Amino acid sequence: MRQSAPTGPGLVVLGIDPGLRAAGWGLLALAGSGASSAEREEITVLGYGAVITEPAVPLPERLRRLAFGLREVIGRWQPAEVAVEEAFVAANKRVAIAMGEARGVALLVAAEAGLPVFGYSASEVKQAVSGYGRGSKEQVQEMLRLQLGLEAAPQPADAADALATALCHLMRRRAEARVAAAGALSGGRA
């Protein structure tokens, strides 16, 4: 797990890449309102990692461990919002079901904490981070390294995907805020 010191008040987002073998998590903070040209918004990596479960462990226990790990992350970092990668239809039905179960646990844990949840498809996340909706995991990891000022590409890949999901959400929130501010400046005229 990698961690940075928090930068103070701001929007903290937990990104989750749901998986039964490994559920990646990544926390980003958006500090600064960007209301004036002198004030810049800054995205800071607070931490990332993965909750790992062993395939030999019975499914109910794996899901319990996943929930416990995600609750720990939420309890420690107190995010304001959660961004979860949406499940995709896999060619392998067993993989699709396992992803759905892991995603269900992530949604449940967020709901228990009273956090709003936002879902993004894998292609939306890749498009936001790398500029290409079909980018490889390596491309996404390298773009995260560059955009977030990391010394190395985030590992494991599940954690990188979670960071990418959180970054996609922050980019969407920032764009929505700027559109709203522009509308307010123009008196609501389009």
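The expected span of a helix is 1.5 Å times one less than its number of residues. In this predicted model, that rule can be applied to helix α2, residues 93–112: its 20 residues should span 28 Å, and its end C-alpha atoms are 28 Å apart, which agrees. The buried residues of α2 are A98, M99, A102, R103, V105, A106, V109 and A110. Viewed down the axis of α2, these buried residues fall within an arc of 150°, so they line one face of the helix. The background is simple: an α-helix has 3.6 residues a turn, so residues three or four places apart point the same way. On the face of α2 turned away from the buried side are the exposed residues K93, R94, I97 and A111.

The two ends of α2 can be described as well. At the N-terminal end, N92 acts as the cap, with a side-chain oxygen 2.8 Å from the backbone nitrogen of R94. After α2 comes G114, which has a positive phi, near 75°. The cover over the buried residues of α2 includes strands β2 (11–17), β5 (81–85) and β6 (117–120), together with helix α1 (59–77).

Helix α1 can be treated in the manner used for α2. At 1.5 Å a residue, the 19 residues of α1 should span 27 Å, and its end C-alpha atoms are 27 Å apart, in agreement. Buried in α1 are R62, L63, L66, A67, G69, L70, V73, I74 and W77. Seen down the axis of α1, they fall within an arc of 165°, so they line one face of the helix. Q78 follows α1 and has a positive phi, near 50°.

Next come the strands. In β2, 7 of the 7 residues are buried, so the strand is largely enclosed by the rest of the structure. In a regular strand the side chains alternate between the two faces of the sheet. In β2, L11, V13, G15 and D17 point one way while V12, L14 and I16 point the other way, and all are buried. Strand β2 pairs with β3 (residues 22–31) in the antiparallel sense over 7 bridges, and the two form a hairpin with 4 residues between them. Within this pairing, V13 stands opposite L28 of β3. Strand β2 also runs parallel to β5, joined to it by 4 bridges, with I16 opposite V84 of β5.

Strand β5 is mostly covered, 5 of its 5 residues being buried. The cover extends to both faces: E81, A83 and E85 on one side and V82 and V84 on the other are all buried. Besides β2, strand β5 is linked to β6, to which it runs parallel with 4 bridges. Here E85 stands opposite Y120 of β6.

What do these helices and strands contribute to the largest nonpolar core? This core has 26 residues, of which L14, I16, W25, L27, L70 and V82 touch the most other members. Two or more residues come from each of β2, β3, β4 (42–52), α1, β5 and α2. Helix α1 gives the most to this core, with 7 residues. As for L14, leaving aside its neighbours within four places in sequence, its contacts are W25, G26, L27, V73, I74, P79, E81, V82, A83 and A166. Another core, of 23 residues, lies apart from this one and has V13, Y48, L163 and C168 among its members. The opposed directions of V13 and L14 on β2 can be recalled here.

One loop residue remains to be described. T53 lies in the loop between β4 and α1. Is T53 buried or exposed? The cut-off for buried is under 20% relative accessible area, and T53, at 2% relative accessibility, counts as buried. Its side chain reaches the backbone oxygen of L20 at 2.4 Å. A polar contact of 3.0 Å also joins the side chain of T53 to that of R62, one of the buried residues of α1. With neighbours within four places in sequence left aside, T53 is in contact with L20, R21, R62, R65 and L66.

How values were computed: Residues are numbered from 1 along each chain as its sequence is written. This is a predicted model: local features need pLDDT of at least 70, side-chain atom pairs count only at pLDDT 80 or more; totals for chains, interfaces and linings use all residues. Side-chain values use heavy atoms; hydrogens and water are left out. Buried means under 20% relative accessible area, exposed over 50%, partly exposed in between (1.4 Å probe, protein chains only). The arc is that of the directions from the helix axis to the C-beta atoms. Contact means heavy atoms within 4.5 Å. A polar contact is a pair of N or O atoms within 3.5 Å; within protein, one must be able to donate a hydrogen and the other to accept it, and residues adjacent in sequence count only if both atoms are side-chain atoms. Two strands pair if DSSP finds at least two bridges between them. A nonpolar core is a set of buried Ala, Val, Leu, Ile, Met, Phe, Trp, Tyr and Cys residues joined through side-chain atoms within 4.5 Å.
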